[in-house]
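Let's take a walk through a protein model together. Keep the picture open while you read, and look for each residue as it comes up.

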Amino acid sequence: MGTAELSKAPGDGRVTRTAVRRGTEAPDRDIPAGGRVAAEDGGAARAQSSYRPLWVEETARRRRLPDPVRTAAVRAVLIIAVTLLQAMVAFLCTMAGSWLAFPMVISSVVSTVVATWGAVDVWVTRQVWNQRNGVVSTPSSTARALRRERRRLRRQEKAAVRTQERIRPQGGAGQLSHP
């Protein structure tokens, strides 16, 4: 559980080997967690079970964005990155007094408008997706109407089943009335 370090003795120049122990707070991934394996015969099975995995899967804290929203977000990020790059080039060209400064400033202004459109597109796409797929539960939501319709159908099915159970004979050997 340790490493061997080579060190020179101060006087005679000989190389000596010293063992250095590591703390238990940060073990290597390839070293068993429980220490050394005792026996050759039963040690292999225990060694396999005492290794810790490299990583542990964790559940996502938030759900993944829907595909159209994620596409719009990626598009917006790329447009904003290009806009910032153009603004930086425009600034540097202006500082250098280059002829390219004026066209870069104009294209930066146009890119700023397009980047704003990209950000608004993400917001609109998200709102549309929420309305169509039933995430928002406001009174004007189409999702609420769909849920209401599903509940109404379920209630009708349950009522039909109850009616069928009432119509069926309750048992008995052909009795028409109670004794």
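Is Arg70 buried, partly exposed or exposed? Arg70 has a relative accessibility of 24%, so it counts as partly exposed. To be called buried, a residue has to come in under 20%, so Arg70 at 24% doesn't get that label.

**The overall picture**

One thing to keep in mind from the start: this is a predicted model. The average pLDDT of the protein is 77, and 61% of the residues score at least 70. That confidence isn't spread evenly among the elements: helix α2 (residues 67–96) has the highest mean pLDDT, at 95, while strand β1 (residues 2–8) has the lowest, at 52.

If you trace the chain along its sequence, you meet the elements in the order β-β-α-α-α-α. That gives 2 strands and 4 helices. The protein has 179 residues, and 13% of them are buried. The area it exposes is about 15300 Å², with carbon and sulfur atoms supplying 60% of that. Now take the contacts between residues with a separation of 6 or more: 32% of them join residues 24 or more positions apart.

**The salt bridges**

Here's a bit of background. Side chains of opposite charge can pair when their charged atoms come close. Searching the whole structure turns up 3 salt bridges, and here they are:

| Pair | Closest N to O distance | Where the residues lie |
|---|---|---|
| Asp67 and Arg70 | 2.2 Å | both in helix α2 |
| Asp121 and Arg75 | 2.7 Å | Asp121 in helix α3, Arg75 in helix α2 |
| Glu149 and Arg152 | 2.6 Å | both in helix α4 |

Start with Asp67 and Arg70, which sit 3 residues apart in helix α2, about one turn of the helix. Glu149 and Arg152 are also 3 residues apart, about one turn, but their home is helix α4 (residues 142–167). Glu149 is partly exposed because its relative accessibility is 36%. Arg152 is partly exposed as well, with a relative accessible area of 33%.

The pair Asp121 and Arg75 is joined by a salt bridge too, with the closest N and O atoms 2.7 Å apart. Asp121 belongs to helix α3 and Arg75 to helix α2, so this pair ties together parts that are 46 residues apart in sequence.

**A closer look at Asp121**

You'll find Asp121 in helix α3, which covers residues 101–133. Why does Asp121 count as buried? Its relative accessibility is 18%, and the cut-off for buried is under 20%, so Asp121 qualifies. Its partner Arg75 counts as partly exposed, at 35% relative accessibility.

Which residues does Asp121 touch, leaving out those up to four places away in sequence? They are Ala72 and Arg75. The side chains of Asp121 and Arg75 are also joined by a polar contact of 2.7 Å.

**A nonpolar patch on the surface**

Finally, look for Leu85, Met88, Phe91, Leu92 and Met95, which make a nonpolar surface patch of about 550 Å². Met95 is part of helix α2. Is Met95 buried or exposed? With a relative accessible area of 59%, Met95 is exposed, because the label exposed calls for over 50%.

Key. Residues are numbered from 1 along each chain as its sequence is written. This is a predicted model: local features need pLDDT of at least 70, side-chain atom pairs count only at pLDDT 80 or more; totals for chains, interfaces and linings use all residues. Side-chain values use heavy atoms; hydrogens and water are left out. pLDDT is the predictor's confidence in each residue, from 0 to 100. A polar contact is a pair of N or O atoms within 3.5 Å; within protein, one must be able to donate a hydrogen and the other to accept it, and residues adjacent in sequence count only if both atoms are side-chain atoms. Contact means heavy atoms within 4.5 Å. Buried means under 20% relative accessible area, exposed over 50%, partly exposed in between (1.4 Å probe, protein chains only). Accessible areas come from the Shrake-Rupley method with a 1.4 Å probe; for residues, only the protein chains shown count as cover. Patches are made of residues with over 30% relative accessible area and no salt bridge: like charges are joined within 9 Å, nonpolar side chains (Val, Leu, Ile, Met, Phe, Trp, Tyr) within 5 Å. A salt bridge is a side-chain nitrogen of Lys or Arg within 4 Å of a carboxyl oxygen of Asp or Glu.
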